[in-house]
Amino acid sequence: TSNQMWGGRFAAGPDAIMEAINASIGFDRRMAAQDIAGSRAHAAMLAATGVISDSDAQAIREGLLTVLSEIEGGTFTYSTALEDIHMNVEARLKDIIGEPAGRLHTGRSRNDQVATDFRLWVRDQLDAADAGIVALLRALLAQAGAGANWVMPGFTHLQTAQPVTWGHHMMAYVEMFGRDLSRVRDARARMNESPLGAAALAGTSFPIDRDMTAAALGFDRPCANSLDAVSDRDFALEFLSAASICAMHLSRLAEELVIWSSAQFRFVALSDRFSTGSSIMPQKKNPDAAELIRAKIGRIFGANTALMMVMKGLALTYSKDMQEDKEQVFDAADSLMLALAAMEGMVRDMAANRDALAAAAGSGFSTATDLADWLVRVLNLPFRDAHHVTGTLVAMAEKRGCDLPDLPLADMQSVHAGITQDVYSVLGVENSVNSRMSYGGTAPAQVRAQIARWKEKLG
Ligand code: ARG
């Protein structure tokens, strides 16, 4: 039998394969609540503008609540023949209220309907991402505050570079996730316009009030161009782009947690709640959550690329290609929220090993730069010469298997006669980090100032 929504010009129903490739109900049912909210707003507006009667609008609005409760209660029967969530809801509404259901689709189309539903769905995800990032920021701030003056090695090339503080390292991630938060907020502000009432593409001849539906759905305003309203998916792409950058940050932190929790580093102990064991090796405590975060991030990058590919060749306005937007965004959103929550839990629970951090901070000639700076400051050597002298001293220490503070003064003087006992005062890691008082530097006082600034910002 032909389709009940457009059967008028069709003599035959679709082939089973046509139905299979065409249907989106298998996934777009996740937008049921948004679809019903959009339809309820549309019906109220149609009545307020005199396009349909108050009694029809009331029947539609109440009937839609019944449909929603069936969906939420798990008693709703989805039909693939009805293609998508929009037609499934409308068909069920017709079962419940009869003839007035057919008046709901006046002055709108599935094109503005799906654009509206999807915007509402993505907006909820932007809000969820906002909350998830804020929670992670708070966990990082708690770690930073607890160890604002704990020394650890700072790395470049994963080789010991200079001593830094644990608090400083945590606060580096606060800056990154803080920018992610602002990207999410920017995206939300930009996307919060209503496509509803753009109708199929050209607008409608009915005297609709798009400001009214926009306001009812929490949008700041209606989209200003009906063609753009039904063909724009940049709001989804902006979500995926912001999610991708945030995911990249999550993955870098995950990678550090994997390294830091190893027996070779012992910088952190992850909690039992966020670790797994091995079925064969009894000693194992594995950082699986960090590894899965690192891996899941690929889905988010993939979704971003996939939707870019879907959109890039489409002439205006709607093409069915655009139905492929949702699964990508759904999967990316699920992955991001889970990764944010898992990272927040891991960070909140983890215990930094202050002794292991301090021991590592002092090894690997981490204060060589402090020594070179001393030669510049006290002996007035050009930095390039100071670098060379220090390099010679590092090679000497390396040969002897000792650290820089263990080199006897006489040996230092054999490399540069001007070196005095005072040099030892800059070879300690505590001195090194305390001296890095430049704005944004690793000195505990600087780190505490940044923690205070962020706490105030987050409220
Ligand atoms: N299921 C469709 C989608 O997700 C809804 C819009 C259908 N519009 C159309 N003109 N066929 O994109």
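Student: In this predicted model, what makes the approach of Arg110 to the ligand a polar contact?

Tutor: A polar side-chain atom of Arg110 lies 3.5 Å from a nitrogen atom of the ligand. A polar contact is a pair of N or O atoms within 3.5 Å, so this pair counts as one.

Student: How do you know that Asn111 and Tyr318 also make polar contacts with the ligand?

Tutor: For Asn111, a polar side-chain atom lies 2.9 Å from a nitrogen atom of the ligand, and for Tyr318, an N or O atom in the side chain is 2.5 Å from an oxygen atom of the ligand. Both values are within 3.5 Å, so both pairs count as polar contacts.

Student: Which residues are found around the ligand?

Tutor: They are Ser24, Asp84, His86, Arg110, Asn111, Val114, Tyr318, Gln323 and Lys326.

Student: Why is H6 called roughly parallel to H10?

Tutor: Helix H6, residues 110–146, packs against helix H10, residues 234–260, at an angle of about 25 degrees, and their axes are 10 Å apart. Angles under 35 degrees count as roughly parallel, and therefore H6 is described as roughly parallel to H10. H6 passes H10 in a left-handed crossing.

Student: What is the make-up, by class, of the contact of H6 with H10?

Tutor: The residues on the H6 side include Phe118, Arg119, Val122 and Gln125, while those on the H10 side include Phe235, Phe239 and Leu250. By class, the contact has 13 nonpolar, 1 polar and 1 charged residues. Since Arg counts as charged and Gln as polar, Arg119 is the charged residue and Gln125 the polar one.

Student: How do H10 and H12 cross, and what classes of residue make their contact?

Tutor: The axes of H10 and helix H12, residues 325–349, come within 10 Å and cross at roughly 35 degrees, and the crossing is left-handed. Among the residues in the contact are Ala236, Phe239, Leu240 and Ala243 of H10, together with Val329, Ala332, Leu336 and Met337 of H12. The contact divides into 19 nonpolar, no polar and no charged residues.

Student: Why is H11 called roughly antiparallel to H12?

Tutor: H11 and H12 pack at an angle of about 155 degrees, with their axes 9 Å apart. Angles over 145 degrees count as roughly antiparallel, and so H11 is described in that way relative to H12. The crossing of H11 and H12 is left-handed.

Student: What makes some residues in the contact of H11 with H12 count as charged?

Tutor: The contact includes Lys296 and Arg299 of H11 as well as Asp325 and Asp331 of H12. Asp, Lys and Arg count as charged, so these residues fall in that class. In total, the residues of this contact divide into 16 nonpolar, 3 polar and 4 charged.

Student: Where is Leu314, and which residues is it in contact with?

Tutor: Leu314 is in the loop between helix H11, residues 288–312, and H12. Leaving aside its neighbours within four places in sequence, Leu314 is in contact with Ser319, Asp321 and Met322. Leu314 and Ser231 are 83 residues apart in sequence, and their C-alpha atoms are 8.9 Å apart in space.

Student: What kind of peptide bond joins Leu316 and Thr317?

Tutor: The bond between Leu316 and Thr317 is a cis peptide bond, with omega about 0 degrees. Thr317 has its place in the loop between H11 and H12.

Student: What is notable about phi in Phe365 and Asn380?

Tutor: Phe365 is not a glycine, and yet its phi is positive, at about 55 degrees; this residue is found in the loop between helix H13 (354–362) and helix H14 (368–379). Asn380, also a residue other than glycine, has a positive phi near 60 degrees, and Asn380 is found in the loop between H14 and helix H15 (383–400).

How values were computed. Residues numbered from 1 in each chain as written. Predicted model: local features only at pLDDT ≥ 70, side-chain atom pairs only at ≥ 80, totals over all residues. Heavy atoms only, no water. Axes fitted to C-alpha atoms, helices over the stretch in contact; angles between N-to-C directions. Helix = DSSP H or I, 4+ residues; strand = E, 2+ residues; numbered from the N terminus. Parallel < 35°, antiparallel > 145°, perpendicular 65-115°, else oblique. Left-handed = near helix turned anticlockwise from the far one by under 90°. Contact = heavy atoms within 4.5 Å. Near = heavy atom within 4 Å. Polar contact = N/O pair within 3.5 Å; in protein donor to acceptor, adjacent residues only side chain to side chain.
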